[in-house]
Each structure stands twice: as C-alpha cells, then as structure tokens.
Amino acid sequence: LKLANKKIIPVVNTTGSVMLNFEVTDSSAQKGSIRIFINGNLIKEQQFMEKGTATLYFSDSILLSQGNNNIEALYINSSAIESRKEKISVTYSPSKKIIKKVWFVGIGISKYKDAGMNLKYPVKDIKDIANDFRKKYPGLIIDTLLNDKATKENILALHDKLMNTGINDKVIVSFSGHGLLSDSLDWYFATYDIDFKKPETLGLSYSMMEGLLNGIPARKKLLLLDACHSGEVDKESDITFANKETAMQENVVTTNTVARGNILINKPKAGLQTSFEMMQDLFANLNNGNGTTVLSAAGGKEYALESDKWKNGVFTYSLLKALNDPATDENNNISKGVKKSSIHCSKNFNRR
C-alpha cells in the first residue's frame with residue numbers, strides 16, 4: 001500500500017478535507033479492501049473487486065476534524081493478509097470558528113427489577129457526573145436512562161440519537177451499576193430487568209456497549225464504566241464465584257460496603273482463552289475503528305466500590321474530584337504550582 005500523493009499533502013490544512021490517492025500492489029490476490037482511520041476512527045472502507053490485475057487504485061476526499069488528524073490506511077486482501085500501514089498527520093486549522101457540541105449519555109441503575117440487588121448510588125453517580133460536565137461544557141446535551149428505563153432495548157436505541165453528532169463533537173457515555181460475569185466469564189453490564197443468574201440473556205455485553213459508539217460521526221469519544229469486573233478477564237486464571245454469605249464471612253463485603261457485581265474466589269480453571277484474545281474481544285482496537293477511550297472502575301477480577309462515606313461509587317467520586325480539584329491535574333497543564341494529590345483506596349473500601 002502506497003500513498004501516491006503523500007509529498008504534496010500540506011501539513012496544515014485550512015479547507016477541512018484532503019485528497020488521498022493510494023496504490024495497492026497485490027500479487028497474491030486481485031480483491032480486498034482498504035480501510036482509512038483518523039485518530040483511531042474508521043472513516044472509510046472500500047472493497048476492491050478487480051480481476052486480471054495485481055494493482056488496485058483508491059482516490060477520494062476525506063473530511064478532517066479540527067486540530068490534529070492522524071491518518072492511517074491499511075489494505076487487507078482476500079487471504080486476510082494485511083499490508084503495512086501508511087501514515088500521515090495533517091492539522092486542520094479552519095479560517096472560521098467551528099461550533100462543537102458535547103454530548104453526555106448516562107445509564108445508571110440503583111433500583112433493579114430484582115430488588116435484592118439494589119444499589120444506593122448509581123443514579124446519583126450519573127446525575128453528579130452530568131452536572132459537573134455541564135459546568136465544564138455549558139451547552140452540554142444530556143440524555144439519561146435511569147432505573148427501569150435502562151433496559152437493553154432502550155440502551156441500544158441510543159445509537160440512533162448519537163448518529164446526529166458532528167465529526168468535531170465530543171461524546172461521553174457513562175455507565176454505573178452492577179457488572180457481572182457469566183459462567184463462561186463473559187462480562188455484562190446489568191440492565192434493569194436482567195436475570196442475575198443468566199446475565200447473557202438481557203445483559204449488555206462489551207461489544208454492544210461499544211457498538212453504541214461505532215460508526216457515529218463524532219470522533220472524540222469517552223466511555224466510563226463504574227461497575228465490577230469492567231476490565232479484561234483472563235479466562236485461564238483460577239476464578240469462580242462465591243455467594244454473598246460466603247463473601248460476608250470472609251470480609252469481602254462489610255456492613256457499610258456493597259460490591260457492584262459477582263464475588264470471585266480462587267477455584268479450578270474456567271475457560272481456555274488467553275488474556276490477549278479476551279482483550280481483543282472486550283476492547284475496541286484500531287482494526288474495528290471504534291476510536292473510543294475506555295476508563296473502567298475495576299480490573300476483570302476486581303470490584304467497583306460504593307460507600308456512604310463518598311455518596312458515590314469510588315470511581316465516580318474520583319472522577320468528580322478530578323473535574324473539580326486542580327490538585328489532581330498531574331501534568332500541570334490546567335493550573336501550575338499546585339501541589340498534586342491523589343486518592344488512596346484501603347482494604348475496607350466498599351465493593352459493588
């Protein structure tokens with residue numbers, strides 16, 4: 001794969017688009033596809049069905065986002081052989097001010113259909129995050145699904161609303177509630193009416209969650225997960241589930257603490273997949289073009305916590321502190337000369 005006009009593409013662009021001319025040499029197959037990404041987002045994919053020639057051509061104008069655009073292109077032939085990536089960086093500096101919107105989508109569940117699994121603070125988490133982001137972005141567009149509104153069907157329908165975003169917009173999606181692992185150690189966010197014994201039935205998987213942000217025009221996307229086991233899980237590790245009573249006896253959950261998910265203990269191996277395969281399944285990478293930054297409250301075998309002490313989940317509490325306290329600006333790019341601080345978790349913190 002070769003970018004034929006690379007030398008004549010300006011480093012700084014003022015028009016908002018750039019013409020890309022690619023030439024593909026493929027001696028092993030005469031068909032395949034070229035994928036173009038900007039800042040990790042799949043912008044365009046074109047299929048080639050050429051016969052009788054080993055040279056394929058692509059030419060098209062690509063829209064740029066304001067600021068830096070890291071453009072990457074990749075060719076994959078019919079034998080699933082990938083080319084080396086062609087890379088170029090272009091900064092779009094418009095002559096006129098571009099109106100950017102910030103969208104916040106919040107899903108929080110404190111009261112479940114199964115009342116025995118209720119939590120205290122997920123709904124408050126979402127409301128608090130929305131309020132603090134509104135201070136930072138006064139024109140913030142807010143859409144929330146709380147408690148019984150947070151069904152799998154309603155959550156997936158949010159994708160259509162996010163299709164109304166623009167390429168320079170920012171989208172923040174925040175989930176707060178129970179995170180569950182199925183018997184096969186697949187992760188699910190617990191929707192309002194989930195069967196906690198069979199989370200795969202009505203639960204929201206990682207792929208569904210990231211699907212909310214796939215293909216939408218906005219290219220700056222942040223996904224916040226305040227739930228147990230919301231990081232990657234090693235299916236070769238020795239883990240299984242314990243009931244709440246056993247956890248209480250072992251001080252995994254204390255009187256003033258609640259875990260947002262299953263309780264895990266060491267047991268025989270469950271599953272054959274490697275960590276790398278799990279990571280590919282759970283988190284979007286460049287090849288699927290999601291381009292989303294994911295921040296999760298816990299590792300695959302860890303718990304998200306909530307407590308009366310903070311009146312939030314710990315992850316949310318930390319996020320709100322970072323948004324409001326200049327002392328959390330670790331690289332001092334917001335305020336200078338302020339002493340850094342951090343939040344430390346102890347053994348007695350509450351678990352969701």
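Hi everyone, let me start with one residue: Asp128 is buried, at a relative accessible area of 17%. Before I go on, please keep in mind that this is a predicted model.

So who does Asp128 meet? Its partner is Lys124, and the two form a salt bridge with the closest N and O atoms 2.7 Å apart. Both residues belong to helix 1, which covers residues 122-136, and they sit four residues apart, about one turn of the helix. Lys124 has 32% relative accessibility and counts as partly exposed, while Asp128 falls under the 20% cut-off for buried.

How many salt bridges does the count come to? Seven. Let me show you two others.

One joins Lys6 to Glu86, with 3.7 Å between the closest N and O atoms. This pair links distant parts of the chain, 80 residues apart: Lys6 is in the loop between strand 1 (2-3) and strand 2 (12-13), and Glu86 is in strand 8, residues 86-92. Here, Lys6 is partly exposed with a relative accessible area of 36%, and Glu86 is buried at 16%.

The other is between the side chains of Arg35 and Glu45, at 3.1 Å from N to O. Arg35 is part of strand 4 (residues 31-38) and Glu45 part of strand 5 (residues 41-49), so this salt bridge ties together parts 10 residues apart in sequence. Glu45 is partly exposed, with 37% relative accessibility.

Let's zoom out to the chain. We have eight helices and 21 strands here. Of the 352 residues, 45% are buried. The accessible surface comes to about 18200 Å², and carbon and sulfur atoms account for 50% of that. If you take contacts between residues at least 6 apart in sequence, 72% of them join residues at least 24 apart.

Now for the inside. The largest nonpolar core has 32 residues, and the members that touch the most others are Ile107, Ile155, Val171, Val173, Phe175, Phe189 and Met209. Several elements supply at least two residues each to this core, among them strand 9 (102-108), helix 3 (158-162), strand 11 (170-176), helix 5 (206-211) and strand 15 (220-226). There is also a second, separate core of 20 residues, which includes Val18, Val24, Phe48 and Tyr92.

I'd like to stay with Phe189 for a moment. Which residues is Phe189 in contact with, leaving aside neighbours within four places in sequence? The list includes Ile107, Phe175 and Met209, which we just met, along with Ile109, Ile194, Leu204 and Ala227. Phe189 also contacts Ser176, Gly177, His178 and Gly203.

Phe189 brings us to strand 13, residues 187-189, and to the sheet around that strand. This is an open sheet of three strands in the order 12-13-14, with antiparallel pairing. Strand 12 and strand 14 (204-205) are at the edges with a single partner strand each, so one side of each has no neighbour in the sheet. As a quick reminder, strands of a sheet pair through backbone hydrogen bonds. Strand 13 and strand 14 pair over two bridges, again in the antiparallel sense. If you want to find the spot on your screen, look for Tyr188, which stands opposite Ser205 in strand 14.

To wrap up, we began at a buried aspartate in helix 1 and ended at Tyr188 and Ser205. Thanks for listening!

How values were computed
Residues are numbered from 1 along each chain as its sequence is written. This is a predicted model: local features need pLDDT of at least 70, side-chain atom pairs count only at pLDDT 80 or more; totals for chains, interfaces and linings use all residues. Side-chain values use heavy atoms; hydrogens and water are left out. A nonpolar core is a set of buried Ala, Val, Leu, Ile, Met, Phe, Trp, Tyr and Cys residues joined through side-chain atoms within 4.5 Å. Buried means under 20% relative accessible area, exposed over 50%, partly exposed in between (1.4 Å probe, protein chains only). Contact means heavy atoms within 4.5 Å. Accessible areas come from the Shrake-Rupley method with a 1.4 Å probe; for residues, only the protein chains shown count as cover. Two strands pair if DSSP finds at least two bridges between them. A salt bridge is a side-chain nitrogen of Lys or Arg within 4 Å of a carboxyl oxygen of Asp or Glu.
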